[in-house]
Amino acid sequence: MDRQQIRKRKKKKRRIKFIVFPLILILLGTVGFGSYLTYKLANASSKAQETLSRGEKSQLRMNEVDPGKDNFSVLIAGIDDSKHRKGEKGFEGNRTDALILATFNRDQKSVKMVSIPRDSYVTIPGRMNKDKITHAHAFGGIDLTVDTVEHLFNIPVDYYVRVNFDAFLQIVDTLGGVDVDVKKKIVEQDSQDRPGAITIEPGQQRLNAEQALAFARTRHADSDIMRGDRQKQIVEAIIKESTQIKSIPKYGKLIENVGDNMSTNFTFGNMLALLKYAKSVGDIESLKLEGTDTRINNIYYYSLNEQSVQNIGARLKEHLAYTGSGTQDSGTGTGTDSSTDSTSTE
């Protein structure tokens, strides 16, 4: 296959090497040093274990989902925290800085994901007025964030992974930095919220942990959508660095770092079930929410295109083989129920 054919294939499938580092490290733990990393992963999962107040399953499911046997969805939340803010693990009361919904199909061994812009103007269950989706976590923690995403797409969110900036910093630091092509000069605050503490000049370069965080975090250089693209670029760099032979001895420390700065309702057994998706890490379909910049009462919001929300919701439902409505659910796997339901556009 020549280069032109490769480019056409990539363009047609709109695929990129993109997955968030918590899931990458979980996969690395299952394919790495065998018993040693399994032991490390078991300890990390024990530290990170935190169930949702709703219980073991979404209200949009009739039955509990098993990642080892069923299609399932995962919401990944990166928390905009600072050390001076209160909250266990730096989570509670803080906003989400990154929000990604991923669906996993057991038969295809495939993954689809969509990044939800932090300023998306959405309905937050229980709140009188629509607001930015980033505020859902500040209002009601991961429980309300999960409810909000379920309401947006009208599909079940089965699992979640929540990490703070400390995890990001420690992972990049453990890897010894990451290689990134910086398009524009960036002047940004550091992890301690000190204004202008980080300056990054344009060009291909190796970023340390603080620089990588500033690169992924800044919104001053361009737009919120471009910010999402930069976050993808950093994640790709982390994947590339972590899969190099020289990084293998660092896996144990990487897993420890995640366990100290992550919460999830994945059990240790659930994490091991992700092994089947290891080959999908470099070939994940990324979906993009369309929308427009808008101001309401002089406050900036990202107004989601209703048709785009419907289309992505439909694609994620198809990938999950989910045809349920409300508390009904066709079950898992391929499903045989031909009923349809409308997708929320709020």
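**Asn265, its partners and the cores**

Let me begin with one side chain: that of Asn265 reaches the backbone oxygen of Asp158 at 3.3 Å, and it also reaches the backbone nitrogen of Tyr160, at 2.9 Å. Please keep in mind throughout that this is a predicted model.

Where does Asn265 sit in the chain? Its place is in the loop between strand E12, residues 262-264, and helix H9, residues 268-273. With a relative accessible area of 6%, Asn265 counts as buried, because the cut-off for that word is under 20%. Leaving aside its neighbours within four places in sequence, Asn265 is in contact with several residues, including Glu50, Asp158, Tyr159 and Tyr160.

Two of those contacts, Asp158 and Glu50, lead us on to the salt bridges, of which the count comes to 14. Asp158 forms one with Arg61, the closest N and O atoms being 3.0 Å apart, and this pair links distant parts of the chain, with Asp158 in the loop between helix H4 and strand E7, Arg61 in the loop between H3 and E2, and their positions 97 residues apart. Asp158 is buried at 4% relative accessibility, and Arg61 is buried as well, at 2%.

Glu50, for its part, meets Arg162 in a salt bridge, at 3.1 Å from N to O. Here again distant parts of the chain are linked, since Glu50 belongs to the loop between helix H3 and strand E2 while Arg162 lies in strand E7, 112 residues apart. Is each partner buried or partly exposed? Glu50 counts as partly exposed, at 29% relative accessibility, whereas Arg162 counts as buried, at 0%.

Elsewhere, Lys185 forms a salt bridge with Glu201, with the closest N and O atoms 3.8 Å apart; Lys185 is partly exposed at 48%, and Glu201 is partly exposed at 43%. There is also a network of salt bridges, which links Asp97, Arg118, Asp119 and Lys132.

Let me turn, finally, to the nonpolar residues. In soluble globular proteins, nonpolar side chains tend to be buried together. In this model the largest nonpolar core has 45 residues, and Phe72 and Ile234 are the ones that touch the most other members. Helix H5, residues 165-175, gives the most to this core, with seven residues. Apart from it lies another core, of 31 residues, among them Leu101, Ile116, Ile142 and Leu316.

Phe72 also brings us back to the salt bridge described earlier, for its contacts beyond four places in sequence include both Arg61 and Asp158, along with Tyr159.

Terms used. Residues are numbered from 1 along each chain as its sequence is written. This is a predicted model: local features need pLDDT of at least 70, side-chain atom pairs count only at pLDDT 80 or more; totals for chains, interfaces and linings use all residues. Side-chain values use heavy atoms; hydrogens and water are left out. A nonpolar core is a set of buried Ala, Val, Leu, Ile, Met, Phe, Trp, Tyr and Cys residues joined through side-chain atoms within 4.5 Å. Buried means under 20% relative accessible area, exposed over 50%, partly exposed in between (1.4 Å probe, protein chains only). Helices (H or I, at least four residues) and strands (E, at least two) are DSSP runs, numbered from the N terminus. Contact means heavy atoms within 4.5 Å. A polar contact is a pair of N or O atoms within 3.5 Å; within protein, one must be able to donate a hydrogen and the other to accept it, and residues adjacent in sequence count only if both atoms are side-chain atoms. A salt bridge is a side-chain nitrogen of Lys or Arg within 4 Å of a carboxyl oxygen of Asp or Glu.
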